[in-house]
Each structure stands twice: as structure tokens, then as C-alpha cells.
Amino acid sequence: MLRSKKDIENLAINATDGEIGLVKDLYFDDDAWAIRYLVVDAGSWLMSRKVLISPISFQQPDWDAGTLPVSLTKDQVKNSPDFDSEKPVSRQNEEQYMEYYGYPLYWGGAGMWGWGLYPYSMVPGAVGNPVDPVPPVESELQVVRHPRAERAALRQHEDPHLRSCDELTGYHILATNGEIGHVAGYLIDDETWAIRYLIVDTSNWWIGHKVLIAPEWITDMLWSDETVSVDLTREAVKDSPVYDPDVAWSREFEQRLYQHYGRPGYWTPRG
């Protein structure tokens with residue numbers, strides 16, 4: 001199911017032996033557009049230190065209660081590597097984090113999470129995952145590889161930075177023929193933890209509608225200029241289905257959205 005960033009903010013993160021703290025931000029990578037970490041304020045028990053919690057450790061959330069259990073102890077979190085929330089998280093920081101928790105590197109395969117689609121697929125012995133995952137042979141890899149995976153493979157030895165959802169909020173969205181609005185929120189798949197849509201507020205251009213932009217339609221992001229460019233025209237965006245957060249989410253809405261833009265849905269098989 002898709003959840004807004006607001007649904008995830010202030011979730012109480014519960015370790016196996018007590019509460020860790022509340023979610024304050026989400027870090028994503030701009031290749032796969034997947035949430036890689038929740039930034040959690042650990043509160044008074046850890047002197048309000050902020051810690052990173054990976055979806056690899058997530059258990060089933062209780063959305064009604066506003067809690068998210070994780071397969072970690074408070075001591076594990078307490079002794080985890082420090083990070084500076086005022087600076088981007090580097091690949092070196094991530095390697096230290098993954099090594100500390102004993103997680104495989106998520107950028108080590110062609111899938112969103114290693115060789116798989118779901119965070120739990122990174123854990124040997126997890127339900128639906130073999131104890132010793134075997135990477136696909138090259139012929140199979142060509143089938144599942146896509147442009148973002150290609151870019152990720154090329155960048156795996158570089159020092160890319162994860163990005164903050166809070167940082168991206170407010171950035172201007174540029175269509176092929178002018179500005180259409182600004183980033184106002186996100187819709188996130190609560191199984192794969194992929195960002196499926198940016199919620200765009202068009203009030204500074206149109207009449208206040210909110211519309212959805214899928215990450216695969218983004219052609220460029222300039223962090224220095226705080227802009228996101230998309231391969232869509234202003235007219236197409238103006239005529240697109242209006243997003244109403246008060247209306248129950250449905251696949252039918254997604255289908256109408258993708259059909260409007262003449263694009264294949266992310267849920268359809270790719271050749």
C-alpha cells in the first residue's frame with residue numbers, strides 16, 4: 001500500500017526491548033528512489049541523538065497505533081555508528097553502518113534491494129528468501145536490469161550521497177516548457193519502501209491542485225538550484241488527474257494517471 005510521508009513521520013520505532021524514538025526524516029537514494037533509512041530521534045534515553053534505522057530491520061507496522069517494530073535491540077542502536085544529520089550520508093558511512101549490523105550491501109545487485117525487490121530479501125533465511133541467495137546469471141541479469149540499475153552499477157565505487165526528503169520538499173518542478181509547482185510530499189510503498197510519487201502543489205502556477213509525478217518521469221535534479229525537471233509539458237500536468245489525499249487510494253487512480261501520460265505502470269512487466 002502507498003503511504004504518505006506524513007503517515008511515516010512520528011512513527012514510534014520499537015526495538016525488541018523497548019522504544020527507540022520517533023521518525024523525523026527519511027533518507028532516499030536518487031537512483032532507485034527507495035527509502036534507505038529512517039532518521040529517528042532517540043529521545044532522552046540517548047540524549048536526543050539521531051540514529052539511522054534501515055528498512056532491512058523493519059517488521060510489520062501498526063499504522064493505527066503509529067508504531068513500527070524493528071528486529072534490533074536498544075543496545076545495538078546505542079552502539080551504532082554516529083552520523084551528522086546536517087551533512088549528506090556518504091557511501092563510506094553506509095558501509096560502516098552495514099558492516100556494524102551485518103547487512104549485505106543493497107547496492108550490490110540489480111534489484112532495488114541487492115538482488116531482490118523487498119528489504120527483507122537482504123536478510124539470509126528471511127521468509128521468501130533463501131538462506132544463501134544466489135545471484136542470477138548474466139543472461140538473467142540483462143532481463144531485470146533497467147536504466148537506474150545501470151547508473152547505480154556505474155556509481156557503486158563512487159561516493160554518492162543519500163538525500164533527505166525534508167531537503168527535497170519545496171523544490172521547484174520544471175516541465176519541458178515552464179514551472180508547474182513545488183514538491184509538497186511523497187507517496188511511499190510500505191512493502192518495497194520505494195518512493196512511487198512526488199506530490200506536487202501547483203498553487204503557485206495553477207489553481208491549487210495537487211498532482212502526482214512519478215520518479216521515472218524525472219530527467220534531472222539540480223540540488224544547487226533546488227529544481228526538479230520532468231519530461232512532461234505544463235499542459236499535460238494541468239490536465240492530469242487531481243490528487244486528493246482525502247480520497248481512498250486505488251490502483252484505478254494510478255492506471256488513469258499513467259494512461260493520461262501514455263506511460264507504462266511501474267507494476268507492469270518490463271521487457
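Start with the whole chain, coloured by burial: of its 271 residues, 46% are buried. The model is predicted, and every value below is computed from it. Switch to a surface view next. About 13,600 Å² of the chain is exposed, and carbon and sulfur atoms supply 50% of that area.

Now change to a cartoon. The chain has eight helices and 13 strands. Among contacts with a separation of 6 or more, 54% join residues 24 or more positions apart.

Select helix α3, residues 91-101, and keep it highlighted for the next stop. This helix gives four residues to the lining of the largest cavity, the largest share from any source. To see the whole lining, select L52, P81, D82, F83, V89, N93, E94, Q96 and Y97 and show their side chains. By type, the lining divides into five nonpolar, two polar and two charged residues. The space inside is about 70 Å³. There is no second cavity to look for at a cut-off of 30 Å³ or more, as a search of the whole structure finds one.

Move on to strand β10, residues 195-201, and pick out R196 within this strand. Is R196 buried or exposed? R196 counts as buried because its relative accessibility is 14%, and the cut-off for buried is under 20%.

To see what surrounds R196, leave aside its neighbours within four places in sequence and select L2, L187, D189, I213, A214, P215 and Y266, with which R196 is in contact. Colour this set by residue number: the contacts of R196 include L2 and Y266 as well as L187 and D189.

Notes: Residues numbered from 1 in each chain as written. Predicted model: local features only at pLDDT ≥ 70, side-chain atom pairs only at ≥ 80, totals over all residues. Heavy atoms only, no water. 1 Å grid on protein atoms, 1.4 Å probe; cavity = no way out; pocket = protein on both sides within 12 Å on 5 of 7 lines; lining within 4 Å. Points joined across faces, edges and corners; volume = space filled by probe spheres on them. Helix = DSSP H or I, 4+ residues; strand = E, 2+ residues; numbered from the N terminus. Nonpolar A, V, L, I, M, F, W, Y, C, P; charged D, E, K, R; others polar. Buried < 20%, exposed > 50% of the residue type's maximum accessible area, 1.4 Å probe, protein only. Contact = heavy atoms within 4.5 Å. Areas by Shrake-Rupley, 256 points an atom, 1.4 Å probe, with all protein chains shown as cover.
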